[in-house]
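Here is a short note to go with the structure, written for someone opening it for the first time. Take the points in order, with the viewer beside you.

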4 protein chains.
Amino acid sequence: MLETRYDIRVDWGHCDPAQIVYNPNFVVWMEHGVNVLFEAAGHALSDLIRADPNRRGLPLVKSEASFMAPARFGEVLVLSSRVTRFGRTSFDIGHRFTRGDTVIAEGKQIRVWSVADPDDPDAIRAEPLPAEIRAGLEEDRIVTVRTFWQG
Amino acid sequence: MLETRYDIRVDWGHCDPAQIVYNPNFVVWMEHGVNVLFEAAGHALSDLIRADPNRRGLPLVKSEASFMAPARFGEVLVLSSRVTRFGRTSFDIGHRFTRGDTVIAEGKQIRVWSVADPDDPDAIRAEPLPAEIRAGLEEDRIVTVRTFWQG
Amino acid sequence: MLETRYDIRVDWGHCDPAQIVYNPNFVVWMEHGVNVLFEAAGHALSDLIRADPNRRGLPLVKSEASFMAPARFGEVLVLSSRVTRFGRTSFDIGHRFTRGDTVIAEGKQIRVWSVADPDDPDAIRAEPLPAEIRAGLEEDRIVTVRTFWQG
Amino acid sequence: MLETRYDIRVDWGHCDPAQIVYNPNFVVWMEHGVNVLFEAAGHALSDLIRADPNRRGLPLVKSEASFMAPARFGEVLVLSSRVTRFGRTSFDIGHRFTRGDTVIAEGKQIRVWSVADPDDPDAIRAEPLPAEIRAGLEEDRIVTVRTFWQG
């Protein structure tokens with residue numbers, strides 16, 4: 001299965017008065033991880049949406065997260081993301097945040113492939129994940145998205 | 001059990017390009033709901049922290065959320081929060097977002113009552129929830145926090 | 001000129017490791033203040049956008065802010081907002097955050113009334129602010145949006 | 001003067017219902033840019049704060065921003081940041097967001113070097129910027145912080 005490993009730099013503003021990452025930021029980062037994963041699979045959501053304005057992102061149906069260790073300002077975390085289950089229209093994405101060998105947090109999201117309902121543009125309709133996108137997400141490959149400092 | 005019902009006004013900036021609330025905002029709002037709940041119980045976390053600088057908030061150990069219906073700019077949601085289980089040092093908080101009779105999302109959080117470890121200020125140590133705070137959270141009462149427009 | 005006074009409850013997550021409000025939150029709150037102001041004027045942006053999908057919010061052209069005093073977890077600030085200048089298509093909104101008699105921060109935004117360009121939906125075109133909306137914003141009135149706790 | 005050029009990947013959640021970056025995100029990114037700049041100068045704020053718990057970040061006194069062109073989901077912006085003025089205890093940081101040759105936004109921040117007041121830990125006191133930090137910020141050098149995809 002395709003796995004992306006994405007560097008996250010913990011900034012001052014991600015941290016709360018307890019000097020550790022404020023937990024909703026992990027949820028924001030998992031959302032970024034989903035976008036990285038689809039881009040690595042060759043099907044960036046930004047391109048899919050530009051090509052089809054009825055596309056409605058990947059609505060989240062259910063999520064879970066476990067927090068094992070705090071993260072702090074100045075640390076670089078790695079977010080690993082991959083699909084862990086394919087259903088007909090839904091699929092699960094597993095996320096893991098690590099700092100070196102330490103697992104900081106883990107999450108699972110159930111998402112749905114969806115388009116705007118033609119009869120009611122405010123509603124959305126689940127659709128099967130296109131075969132070529134599934135194929136991209138199933139490739140046995142690791143893509144790293146790393147930040148380098150130069151100069 | 002004490003239940004708080006807290007008005008949330010969905011703003012333009014809470015919404016994403018699909019014109020619906022971006023899901024991490026629900027997680028931020030659940031955090032606000034926890035603070036409302038403790039304040040309603042007579043033990044505002046801001047006072048507890050001011051009184052004891054070793055207090056470390058209420059670290060989140062595990063969370064779950066289910067998203068049933070989208071919410072949109074201009075809507076007012078009600079977030080209902082209450083403790084659903086008391087453990088020795090941990091406890092569960094249940095959250096429900098509604099718009100009229102429609103359930104928008106539900107969440108559950110497992111949190112821990114904690115202080116800074118005196119031997120290592122970077123570490124935290126779980127402690128039993130003080131009896132008077134538990135008593136406040138157990139009162140059979142509904143507190144509404146509503147927004148009124150005047151003038 | 002219409003002025004709105006909007007209660008803002010400073011939450012744990014709005015604060016940074018220095019235990020004070022992380023400054024970008026003031027900018028988010030000014031955005032909320034703009035929406036409160038238009039709603040108080042009888043022209044909620046959410047209704048305007050629902051009525052005309054080509055409406056593109058109120059793009060920000062320029063902003064300034066001054067920060068006089070820190071704000072902390074548990075405080076309630078009041079954000080006062082009003083139009084301070086009307087141009088042909090642009091207008092200025094002045095914002096002030098206070099806690100009792102203490103001014104916490106002030107801001108000014110230059111915004112533009114705009115619609116999607118019919119020839120290029122990705123572009124926006126400035127338009128004169130409709131007379132009835134300007135009339136609503138010019139009314140000599142104070143609207144307070146306050147939060148009440150009951151129960 | 002030291003200049004940092006920092007890649008920013010515009011994500012779905014940075015954008016609002018008008019399909020463009022929600023303006024407070026530029027302010028969050030400028031904060032990140034400040035941290036990148038100090039780290040590039042050899043004085044990461046995270047290290048300074050770990051070394052001296054009385055350090056209070058770099059409080060913002062005044063800010064200005066101009067928004068020239070919208071940015072959209074999937075784009076990579078470059079944020080260039082550098083000191084544009086040194087005062088005794090305050091200094092200005094100039095920020096510019098570009099996408100290729102297009103300037104998206106520009107900002108200026110007046111910040112203060114500060115510590116907790118020993119007589120009142122809730123108050124802060126401005127102090128002269130240490131000479132070695134100023135020297136690091138004054139070096140005539142460009143540091144790029146770029147994201148690379150591999151695999």
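1. A good place to begin is a salt bridge between chains: the side chains of Arg9(D) and Glu39(A) come together at 2.7 Å, N to O. Please keep in mind that this is a predicted model. Between chain A and chain D there are two salt bridges in total, and ten residue pairs are in polar contact, both residues having pLDDT 80 or more.

2. Which elements of chain A build the side that touches chain D? Those giving two or more residues are β1 (3-9), α1, α2 and β8 (142-150) of chain A. The most comes from β8(A), with nine residues. By character, the residues on this side of chain A are twelve nonpolar, ten polar and seven charged.

3. Now for the extent of that contact. Chain A brings 29 residues to it, and chain D brings 29 residues as well. The size of an interface is often given as the accessible area lost when the parts come together. For chain A and chain D that area is about 2,600 Å², with carbon and sulfur atoms giving 56% of it.

4. How is chain A placed on chain D? A rotation of 180°, with a shift of 0.0 Å along the axis, superposes chain A on chain D at an RMSD of 0.0 Å. Within chain A, Thr147(A) has the C-alpha nearest this axis, at 2.2 Å. Both copies use the same surface, as 100% of the contact residues of chain A recur in chain D.

5. Chain D also meets chain C. Here 20 residues of chain D are in contact with 20 residues of chain C. The two chains bury about 1,700 Å² between them, and 49% of this is on carbon and sulfur atoms. On the side of chain D, the residues that lose the most area to chain C are Asn23(D), Leu60(D) and Phe67(D), which together make up 22% of what that side buries.

6. How many salt bridges cross from chain D to chain C? The count is zero, while eight residue pairs are in polar contact, both residues at pLDDT 80 or more. In chain D, α1 (24-40) and β2 (60-67) each supply at least two residues of the side that touches chain C. The largest share, eight residues, is from β2(D). This side of chain D divides into nine nonpolar, four polar and seven charged residues.

7. The placement of these two copies is worth a look too. Chain D can be laid on chain C by a turn of 180° and a shift of 0.0 Å along the axis, with an RMSD of 0.0 Å. The two copies are therefore related as by a two-fold rotation axis. Among the residues of chain D, Glu64(D) comes closest to the axis, its C-alpha being 2.2 Å away. Why can we say that the copies meet through the same surface? Because 100% of the interface residues of chain D are also interface residues in chain C.

8. Next, a loop residue in chain A. His43(A) sits in the loop between α1 (24-40) and α2 (45-51) of chain A. Is it buried or exposed? His43(A) has a relative accessibility of 19%, so it counts as buried, given that buried means under 20%. Leaving aside residues up to four places away in sequence, His43(A) touches Phe38(A), Leu48(A), Glu132(A) and Ile133(A).

9. In chain B, try Pro128(B), found in the loop between β7 (120-126) and α3 (131-138). Its relative accessibility is 44%, so Pro128(B) counts as partly exposed. Not counting residues up to four places away in sequence, Pro128(B) touches Arg88(B), Thr89(B) and Trp113(B). From Pro128(B) to Arg99(B) there are 29 residues in sequence and 36 Å in space, C-alpha to C-alpha.

10. Finally, a point of backbone geometry. Gln19(A) is not a glycine, yet has a positive phi of about 70°. Gln19(A) lies in the loop between β1 and α1 of chain A and is partly exposed at 33% relative accessibility. In chain C, Gln19(C) has a positive phi near 70° and lies in the loop between β1 (3-9) and α1 (24-40). With a relative accessible area of 33%, Gln19(C) is partly exposed.

Key: Residues numbered from 1 in each chain as written. Chains lettered and ligands numbered in written order. Heavy atoms only, no water. Least-squares fit on C-alpha atoms with pLDDT ≥ 70 in both. Contact = heavy atoms within 4.5 Å. Helix = DSSP H or I, 4+ residues; strand = E, 2+ residues; numbered from the N terminus. Buried < 20%, exposed > 50% of the residue type's maximum accessible area, 1.4 Å probe, protein only. Buried area = accessible area lost by both parts, 1.4 Å probe. Salt bridge = Lys/Arg side-chain N within 4 Å of Asp/Glu carboxyl O. Polar contact = N/O pair within 3.5 Å; in protein donor to acceptor, adjacent residues only side chain to side chain. Nonpolar A, V, L, I, M, F, W, Y, C, P; charged D, E, K, R; others polar.
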